[in-house]
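Me: Could you take a close look at one part of this structure for me? I'd like the small sheet, plus the loops that lead into it and run through it.

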Amino acid sequence: MEVLHCPDCEGLLVQEGDLAHCNDCGQDFQLEARCPECHQPLEVLKACGAVDYFCRNGHGLISKKRVIFAPGAGA
């Protein structure tokens, strides 16, 4: 798992599902799935209990193992 840092104070974020919490400043962030190639947000496809990720910028389906999670807007 990659280390995530708070965009506000640079403290370490603790990932909790699709949220991340900064213990230093108390902020919560929604984690955003991003393409490992172009770093743009991915479309999340959910069906029959499976989650897949799709890049609309020409990189197609992205394996869950390759997805980069980054803090988005505050939760």
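Reply: Here's a walk through the sheet and its loops.

Keep in mind that this is a predicted model. The sheet is an open one built from three strands, ordered S4-S5-S6, and the pairing is antiparallel. S4 (43–47) and S6 (60–62) sit at the edges with a single partner strand each, so one side of each has no neighbour in the sheet. Going from one strand to the next, the twist averages 40°.

Now for the pairing between S5 and S6. S5 covers 50–55, and its antiparallel pairing with S6 runs over three bridges. If you want a residue pair to find on screen, go to Phe54: its bridge partner in S6 is Leu61.

Next, the loops. Ahead of S4 there's the loop that comes after S3 (28–34), and His39 is found in that loop. Its backbone is worth a look: His39 has a positive phi, about 60°, even though it isn't a glycine. As for the side of things facing out, His39 is partly exposed, because its relative accessible area is 43%, which falls between the 20% and 50% cut-offs.

Past S4, the loop between S4 and S5 holds Cys48. Here too phi is positive in a residue other than glycine, with a value near 55° for Cys48. Cys48 counts as exposed, because its relative accessible area is 89%, and the cut-off for exposed is over 50%.

So, when you trace the chain, pause at His39 in the loop between S3 and S4, then at Cys48 in the loop between S4 and S5, and finish at Leu61, the partner of Phe54 in S6.

Terms used:
Residues are numbered from 1 along each chain as its sequence is written. This is a predicted model: local features need pLDDT of at least 70, side-chain atom pairs count only at pLDDT 80 or more; totals for chains, interfaces and linings use all residues. Side-chain values use heavy atoms; hydrogens and water are left out. Helices (H or I, at least four residues) and strands (E, at least two) are DSSP runs, numbered from the N terminus. Buried means under 20% relative accessible area, exposed over 50%, partly exposed in between (1.4 Å probe, protein chains only). Two strands pair if DSSP finds at least two bridges between them. Axes are lines fitted to C-alpha atoms, for helices over the stretch in contact, and angles run from 0 to 180 degrees between N-to-C directions.
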